[in-house]
Amino acid sequence: MRERFLLHCHRSLRFYSVALLLVVCFACRSPSNERPPGYLVAGIESNPLQLDPRYSTDANSVRIGNLIYNSLLRYDERSRLQSELAENWRMLDDRTYLFNLRRDVTFHNGKRLTAADVKHTYESILDPGSLSPKRGLLRPLETIDQIASHQLRFRLRAPHAPFIEQFTMGIVSAEAGKAASDYRPPPGSGPFRLEALESGEKVVLGANPNYWEGRPGLAGVVFKIVPDALVRALEFKQGAIDFMQNDLEPEMLPWLKSNTDARVELNQGTTFQYIGINLTHPILRHQKVRQAVACAIDRDSIIRHLLKNIVSEASGLLSPHNWAYDESARRWPYDPARAKRLLDEAGFSDPDGDGPRPRFRLSFKTTNIDLRRRIAEAFKEQLQRVGIEIELRSYEWGTFFSDIKTGNFHLYSLAWVGIEDPDIYHQIFHSSSVPPNGDNRGRYRNSELDRLLEQGRVTLDRSERKVIYHNVQRLLAEDLPYVPLWWWKNVIVKQPGLRGFVAYPDGELISLKRATFG
Amino acid sequence: MKQFLLRRLLLLVPTLLGAVSLVFVLIHLIPGDPVEVMLGETATAADKEALRQSLGFDRPLATQYRSFLVNLAAGDLGRSLYEPASVVQIIRARLPATLQLALCAMIAATLISFPLATMAAIRPGGWIDRSALTFSLLGLSLPNFWLGPLLMIVFSIHLGWTPVSGRGGLTHLFLPAVTLGLGMAAILVRILRASLLQVIHQDYVQTARAKGLQESRVWLKHVLRNAMLSVITIMSLQFGGLLAGSLITETIFSWPGIGRLTVQAIQTRDYPLVQGCVLVIATSYVLVNFITDLLYKLVDPRISYGD
């Protein structure tokens, strides 16, 4: 019987060999994951959705897009605005900007950049038929006039200090058409040009040999999409990825340091994490209750144990990099005894002392990301110690964000990314910014703050604005419509051969144009 | 048979219509507004309303459903709300990856399970049988999110035989196909072994041996073939599931398939893309079931479909 079975196995082997051959034939696809010589491979978490700068809003699209497109002005590594396509610029009056453009800039398709391209870029966003999410940002713009081939004038409806940020928008060739209608984004004039875009797999950029600042040191950059953080770390260990920025689990950094040649850098970032509060809630509308919540949170232990020091304790929305940052704004260090006192003073005394009954119950909403849930568990425990019982609710992003927008929450935690101009306070805390007209999700109303924020918008002198926003920060640090938690640091993990990369506070990758690898 | 084929093909239409209609209603019922996600933080209520109007989301649900069906009948699945491409373009870019992984995982599962189950059934209770059952237990117990990284650490990091993740040549395919295939093989081993043990004692098998047929022929023609019906059912269910995309395996191995695309579309409330993905998944299931019915007839000619 055994011999007969062996014979059967022998014949079956032929069947399996044929099957295996089929697998091989089927799988034979050109090995697209091979690294072209001289290219840097950067690991990113998610697919950039839209590289056209007129439409891009997700972080990866914006950061990769900034390597493809130049803008009139650009923030540098110290968050200062510098000229890029603008050779020079000035304000003619309090609502008119005059730009003279560089004459040595060509798009990736060989066409020379002129003022017509800049005008086209902005007008295509303002076109009512355009689906650009950036149209709202250009609302203060009244006219754009092309004065000469390389000179143009922007005129605003009224003085609007934060509008200057809109000159960091990427410029596309006027030949691009009004809407992004095909799968490839329009040509830019940046240091890298788009070579391949494979949805869900990778984005390949090649060096622009005719770049006006000189050819980049890298032959190109491959942005490889690797959704899982552990796998990105393993890819780095194997040498298939040379560079990663953020999106890493905090506990992976010690492993990467001890198991690879990784050079790990941590730099102050601008992403601000906070606890949002519903000010219409009968308990949370008491200022002392909000202050008690701030005192009850032991940020330091969460930063050390859960976040492994990849964040730094925050005092408010603006990071120390920001020109309007006020370091004297009040902070609320961990002090549970004080938190209890504040709750007593607010009229919410503990019904049974150290017994099990809480002073009151609240819900805390967060996303279903594992780290966020673990942090929320720590908040729950810490708030329970001062007598606030928390019911944790975690949701997938769409449902969570919908609840936050509609004010369906007591407490929640979220982050603000890419903060530059302090006018963001208007969007978040002005009483006219309650959704759907802004992001005052906690329905905070303060007439003194409204006055300061309106004044900050129309004041063009930076030193005067600075004083205004210092007052804003002090007022908010006292009133606490948000409980500040921390600023996320930019975590950069790179192979030793990468030189010349400079970290930007907002996570921009633009310094790759000066980097070399090998 | 012709009538059966025709009937099944006609049934395709209401089945797919039911699936996409159900998803159309469900995706509009769950909280979350695509316009909010698309326009981000800076848009005014007027901008949002304008976009809602231009996308047609301001119309009553019944009207939206009607125009969705009209477009569907014309083969137009619409455009993604985020990516600058049509739904058909996006799915067409992702579908080959899913098909490739599903087929290879299926073949890997077959290559592992058939020899193992057959050898186990030849000597029930022997060491091969016990090993096969242990393998099956392990295969069923180990989740892919654990097995995948484990295989990466062994084969990619320590041995350096395969890339860690991504799509490319055969070496890229090996680990995700094995990760998916092992779990499927674990089920198949159990089902096939049990079927073989049932069939092996049937009178017609003894008769075949008594006629002096070669043992390999007895196994191939009389035992394996008669044991295949239940296996085909399980395999078709598994294959249908694979065509719907395996979210965890696709995520771990950075595999650009339909599973990841569907979840991303749901998270961003990209209604047209969700509809398109569901249509593809439902069509795959229906087609696999249809082919399975044909295979039943091929394996067991006694099965009649009423003609």
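# Two chains, strand by strand

In this predicted model, chain A is built from 13 helices and 19 strands.

User: Okay, and what does chain B have in the way of helices and strands?

Analyst: Going along the sequence, chain B reads α-α-α-α-α-α-α-α-α-α-α-α-α. That gives zero strands, and the helix count is 13.

User: How far does the C-alpha trace of each chain span along its principal axes?

Analyst: For chain B, the trace spans about 85 × 60 × 30 Å. The C-alpha atoms of chain A, boxed along the principal axes, come to roughly 85 × 85 × 40 Å.

User: What share of the residues is buried in each chain?

Analyst: A residue goes down as buried once 20 or more other C-beta atoms lie within 10 Å of its own. On that basis chain B, with 307 residues, has 43% buried. For chain A, with 518 residues, the buried share is 45%.

User: And of the contacts with a separation of 6 or more, how much comes from residues 24 or more positions apart?

Analyst: In chain B, residues 24 or more positions apart supply 72% of those contacts. In chain A the figure is 67%.

User: Let's get to the sheet with β4(A) in it. Which strands stand at the edges, and why is one side of each left without a neighbour?

Analyst: The sheet is open, with four antiparallel strands in the order β4-β5-β7-β6 of chain A. The end strands each have a single partner, so one side of each has no neighbour in the sheet. From one strand to the next, the twist averages 20°. The edge strands are β4 (86-93) and β6 (141-148) of chain A.

User: Which helix packs on that sheet?

Analyst: Look for a helix that touches β5 (96-101), β6 and β7 of chain A. Its direction makes about 160° with that of β6(A). The one you want is α3 (residues 115-126) of chain A.

User: How many bridges link β6(A) and β7(A)?

Analyst: A hairpin of two residues joins β6(A) to β7(A). Across the pair, L141(A) sits opposite L156(A), and T143(A) sits opposite R155(A). The pairing of β6(A) with β7 (residues 151-156) is antiparallel, and the bridges number six.

User: What about β12(A): which strands does it pair with, and over how many bridges?

Analyst: Strand β12 (residues 263-277) of chain A runs antiparallel to β17 (residues 482-494) of chain A, where T271(A) has W488(A) as its bridge partner. Another antiparallel pairing brings in β16 (residues 411-416) of chain A, with I277(A) bridged to L411(A). The counts are eleven bridges with β17(A) and six with β16(A).

User: Where's the largest nonpolar core, and which helix gives the largest share of it?

Analyst: Nonpolar side chains tend to be buried together in soluble globular proteins. Here the largest core has 138 residues, and those touching the most other members include V221(A), A105(B), A177(B) and I281(B). The largest share, 17 residues, comes from α5 (residues 87-122) of chain B.

User: Which residues does V221(A) touch, leaving out those up to four places away?

Analyst: V221(A) is among the core residues that touch the most other members. Its contacts beyond four places in sequence are Y39(A), L40(A), A42(A), F192(A), L205(A) and L512(A).

User: How many residues are in the other core, apart from that one?

Analyst: Its members include L318(A), W332(A), A376(A) and L383(A). Altogether that core has 58 residues.

User: S46(A) caught my eye. Is it buried, partly exposed or exposed, and what is it in contact with?

Analyst: S46(A) lies in the loop between β1 (39-44) and α2 (59-68) of chain A. It has 16 other C-beta atoms within 10 Å, so it counts as partly exposed. Its C-alpha atom is 7.4 Å from that of N60(A), 14 residues away along the chain. Beyond four places in sequence, its contacts are N60(A), I225(A) and P227(A).

User: Last one: where in chain B is confidence lowest, and where is it highest?

Analyst: The whole model scores ipTM 0.82 and pTM 0.85. Chain B averages a pLDDT of 86, and 97% of its residues score at least 70. Confidence in chain B is lowest in α2 (residues 34-39), with a mean of 74, and highest in α7 (residues 144-158), at 93.

Definitions and conventions. Residues numbered from 1 in each chain as written. Chains lettered and ligands numbered in written order. Predicted model: local features only at pLDDT ≥ 70, side-chain atom pairs only at ≥ 80, totals over all residues. Pairing = 2+ DSSP bridges. Axes fitted to C-alpha atoms, helices over the stretch in contact; angles between N-to-C directions. Contact = placed C-beta atoms within 7 Å. Buried ≥ 20, exposed ≤ 12 C-beta atoms within 10 Å, placed from the backbone. Core = buried A, V, L, I, M, F, W, Y, C linked by C-beta atoms within 7 Å. pLDDT = per-residue confidence, 0-100.
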